[in-house]
Amino acid sequence: MQDNKWEAFADSFEARNEYVVGVATIEAIKQALGTIEATGDVLELGCGNGTYTACLLGNAQSVRATDISAGMVETTRVRFEGNDKVLAEVADCASLPYAPGSFDTVVMVNLFHIIPCRAKALSEARRVLRPGGRLIIVSITQHGMEPASLSALAHRYSKTYGAKPPHAITLTPEVVERFVAQAGLRDLTCRLLGEEVKALYADARLGDEDRSA
């Protein structure tokens with residue numbers, strides 16, 4: 001399991017992201033996640049400190065909130081202590097410890113654009129999805145942003161988190177479509193959320209006839 005720099009921000013992650021991204025865009029993401037229907041058993045990859053975990057609870061049977069950072073997982077565990085729907089645990093999105101066909105929905109928020117193992121993560125997501133299962137990817141993106149907003153976002157990010165990870169990419173509908181197709185998922189839809197700062201919301205499915213490899 002690889003180390004990551006986000007471990008140091010576990011106790012202040014939500015406040016930092018509100019400053020960098022803006023409350024309005026974060027609320028837009030929460031609203032979009034909260035309207036997903038019939039999500040069943042959910043696997044959340046890159047749960048961070050649980051900011052978006054709560055949004056998944058309303059329509060889920062259970063939520064397995066995972067992150068590579070033990071500090072983030074502990075923060076999430078404390079946050080949802082006493083909630084029987086949530087189980088928080090450390091897991092690497094590129095090597096998941098779950099059996100094929102374990103989940104109805106896999107959710108990645110602000111993860112896919114910064115990890116170096118995107119293809120492997122999607123392969124693993126497909127493996128643990130049940131036939132007919134759903135993959136939701138949401139990531140902050142420079143796509144569709146105005147130059148002035150981009151410059152301000154970059155300044156706030158570098159001030160808060162330092163240099164961007166060298167493997168970070170700008171997610172666009174075309175980029176997501178390529179990765180999703182390679183992973184054997186289908187019925188992709190994409191839309192942009194937010195005003196000044198944008199987030200790309202992508203929704204894809206595993207066919208009812210497909211079986212996890």
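A pocket here is an open set of grid points with protein on both sides within 12 Å along at least five of seven lines. All views show a predicted model.

**View 1. The largest pocket and its centre.** The largest pocket holds about 1100 Å³ of space. Its lining counts 47 residues. Closest to the centre are Trp 6, Asn 110, His 113, Ile 114 and Tyr 157.

**View 2. Elements and residue classes around the largest pocket.** Two helices and two strands are labelled here: helix H1 (13-21), helix H6 (147-161), strand S2 (60-67) and strand S5 (129-141). Each supplies at least two residues of the lining. By class, the lining of this pocket has 27 nonpolar residues, 14 polar ones and six charged ones.

**View 3. The largest cavity.** One cavity reaches 30 Å³ or more. The largest cavity has a volume of about 40 Å³. Its lining is formed by Leu 33, Ile 36, Thr 39, Val 42, Cys 55, Leu 56, Gly 58 and Asn 59. Five of these lining residues are nonpolar and three are polar. No charged residue lines the largest cavity.

**View 4. An edge-to-face pair, Phe 112 and Phe 179.** The model has five aromatic pairs. In one of them, Phe 112 meets Phe 179 edge-to-face. The ring centres are 5.4 Å apart, and the planes stand at 90 degrees. Phe 112 sits in the loop between strand S4 (103-109) and helix H5 (118-128). Phe 179 belongs to helix H7 (residues 173-182). The pair therefore ties together parts that are 67 residues apart in sequence. Both Phe 112 and Phe 179 are buried.

**View 5. An aromatic cluster.** Four rings form one aromatic cluster. The members are Phe 9, Phe 13, Tyr 157 and Tyr 161. Tyr 157 is also among the residues closest to the centre of the largest pocket.

**View 6. Arg 191 over the ring of Tyr 201.** Arg 191 lies over the face of Tyr 201. The distance to the ring centre is 4.6 Å.

**View 7. Cysteines without a disulfide.** The structure holds zero disulfides. For Cys 117, the nearest cysteine sulfur is that of Cys 93, 4.1 Å away. A disulfide needs the two sulfur atoms within 2.5 Å, so Cys 117 is in no disulfide. Cys 117 is buried, at a relative accessible area of 14%. Cys 190 is in no disulfide either. The cysteine sulfur nearest to Cys 190 is again that of Cys 93, at 19 Å. Cys 190 has a relative accessible area of 31% and is partly exposed.

**View 8. Ser 12 and Asn 49.** Ser 12 lies in the segment before H1. Its relative accessibility is 27%, so Ser 12 counts as partly exposed. Ser 12 and Asn 49 are 37 residues apart in sequence. In space, their C-alpha atoms are 8.7 Å apart.

**View 9. Val 138 and Ala 32.** Val 138 is placed in strand S5. Its relative accessibility is 0%, so Val 138 counts as buried. Val 138 and Ala 32 are separated by 106 residues in sequence. From C-alpha to C-alpha, the two are 9.6 Å apart in space.

Methods
Residues are numbered from 1 along each chain as its sequence is written. This is a predicted model: local features need pLDDT of at least 70, side-chain atom pairs count only at pLDDT 80 or more; totals for chains, interfaces and linings use all residues. Side-chain values use heavy atoms; hydrogens and water are left out. On a 1 Å grid over the protein atoms alone, a cavity is a set of points where a 1.4 Å probe fits but cannot get out, and a pocket is an open set with protein on both sides within 12 Å along at least five of seven lines; lining residues have an atom within 4 Å of a point. Grid points are joined across faces, edges and corners, and a volume is the space filled by probe spheres set on the points. Helices (H or I, at least four residues) and strands (E, at least two) are DSSP runs, numbered from the N terminus. Ala, Val, Leu, Ile, Met, Phe, Trp, Tyr, Cys and Pro count as nonpolar, Asp, Glu, Lys and Arg as charged, and the others, Gly among them, as polar. Rings of Phe, Tyr and Trp (its six-membered ring) pair if their centres lie within 6.5 Å; planes under 30 degrees apart count as stacked, over 60 as edge-to-face and the rest as tilted. Buried means under 20% relative accessible area, exposed over 50%, partly exposed in between (1.4 Å probe, protein chains only). A charge sits over a ring if NZ of Lys or CZ of Arg is within 6 Å of the ring centre and within 35 degrees of the ring normal.
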